[in-house]
Amino acid sequence: MNAQRKMTVQFVGFILIVLAILFVISGKRVMPVPGDERHARARDVASCGACHAPGMAAPLKPGHPPKEQCLICHKLSKQRNQMSIK
Ligand code: HEC
Ligand code: HEC
C-alpha cells in the first residue's frame, strides 16, 4: 500500500514536470506583438491585416501557423499597453 502510494506521487510529479517543460517551450516560440509605434494603434485582430495580409507591407511567411485570432498566440507586450494608455 505504501509503495503504491509512493509510485503514484512520483507519477504525478513526473506528469507535472512534463507539463511545465511543454508550457515553457510553447511560450517561447511565439514572439509578442512589438511595442513600436506601428503596433500601438493595432488593438484588435481586424487591424493586423492592414499590414500583415498577403501583398501588404509585412506579409506573413508562407509557413506561418493558423492565421485566425492573432492575439491568442502573439501576446500584446506591456510596453505597448503603456503606450496606448498615454
Ligand atoms: C501599420 C502596419 C502594421 C500593423 C497594423 C500591424 N503590424 Fe505587425 N508588423 C509590422 C511590420 C512592418 C513588422 C516587421 C518589422 C518589425 O519587425 O518591426 C511587423 C512585425 C510583427 C511581428 C513580428 C515581430 C518580430 O519580433 O519579428 C508580429 C508578431 C506582429 N507584427 C504582429 C502583429 C499583430 C498581431 C497585429 C494586429 C494586432 C499587427 N502586427 C499589426 C506592421 C504592422
Ligand atoms: C497558432 C498560433 C499563431 C497565430 C494564431 C498567429 N501566429 Fe503569427 N506566428 C506564430 C509563430 C509560432 C511564429 C514564428 C514562426 C517562425 O519562427 O517561423 C509567428 C510569426 C509571426 C510573424 C513574423 C514573421 C513570420 O511570418 O514568421 C508575424 C508578423 C506574425 N506572426 C503575425 C501574425 C498575425 C498578423 C496573425 C493574425 C492574422 C498571427 N500572426 C497569428 C504563431 C501564430
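A residue counts as partly exposed when the number of other C-beta atoms within 10 Å of its own falls between the limits for exposed, 12 or fewer, and buried, 20 or more. Lys75 has 13 other C-beta atoms within 10 Å, and is therefore partly exposed. This residue, in a predicted model, sits in the loop between helix 4 and helix 5. Its contacts, leaving aside residues up to four places away in sequence, are Pro32 and Val33. The C-alpha atoms of Lys75 and Met31 lie 7.8 Å apart, although 44 residues separate the two in sequence.

Leu71 makes a helpful companion to this case. Leu71 belongs to helix 4, and because 13 C-beta neighbours fall inside 10 Å, Leu71 too is classed as partly exposed. Beyond residues up to four places away in sequence, Leu71 touches Val45 and Leu76. Leu71 and Asp44 are 27 residues apart along the chain, with a C-alpha to C-alpha distance of 8.0 Å.

Stepping back to the whole fold, the protein chain contains five helices and zero strands, giving the pattern α-α-α-α-α when read along the sequence. The chain has 86 residues, of which 3% count as buried. Of the contacts with a separation of 6 or more, 69% join residues 24 or more positions apart.

Both ligands can now be placed in this helical setting. Ligand 1 is surrounded by 17 residues, and the closest are Ala42, Cys48, Cys51, Ala58 and Cys70. At least two residues of this shell come from each of helix 2 (37–40), helix 3 (45–52) and helix 4 (70–73). Helix 3 supplies the largest share, five residues. In chemical character, the shell around ligand 1 comprises 11 nonpolar, four polar and two charged residues.

Around ligand 2 there are likewise 17 residues, the closest being Cys48, His52, Lys61, Cys70 and Cys73. Here the elements giving two or more residues to the shell are helix 3 and helix 4. Which element gives the most to the shell around ligand 2? Helix 4 does, with three residues. The shell around ligand 2 divides into nine nonpolar, four polar and four charged residues. Cys48 and Cys70 appear among the closest residues of both ligands.

A word on confidence rounds out the picture. The mean pLDDT of the protein chain is 81, and 81% of the residues score at least 70. Among the elements, helix 3 has the highest mean pLDDT, 88, whereas helix 5 (residues 78–85) has the lowest, 49. Over residues 80–86 the pLDDT is below 50, and this stretch has nine contacts in the model beyond near neighbours in sequence. Where pLDDT is low, the predicted coordinates should not be read in detail.

How values were computed: Residues numbered from 1 in each chain as written. Chains lettered and ligands numbered in written order. Predicted model: local features only at pLDDT ≥ 70, side-chain atom pairs only at ≥ 80, totals over all residues. Near = placed C-beta within 6 Å. Helix = DSSP H or I, 4+ residues; strand = E, 2+ residues; numbered from the N terminus. Nonpolar A, V, L, I, M, F, W, Y, C, P; charged D, E, K, R; others polar. Contact = placed C-beta atoms within 7 Å. pLDDT = per-residue confidence, 0-100.
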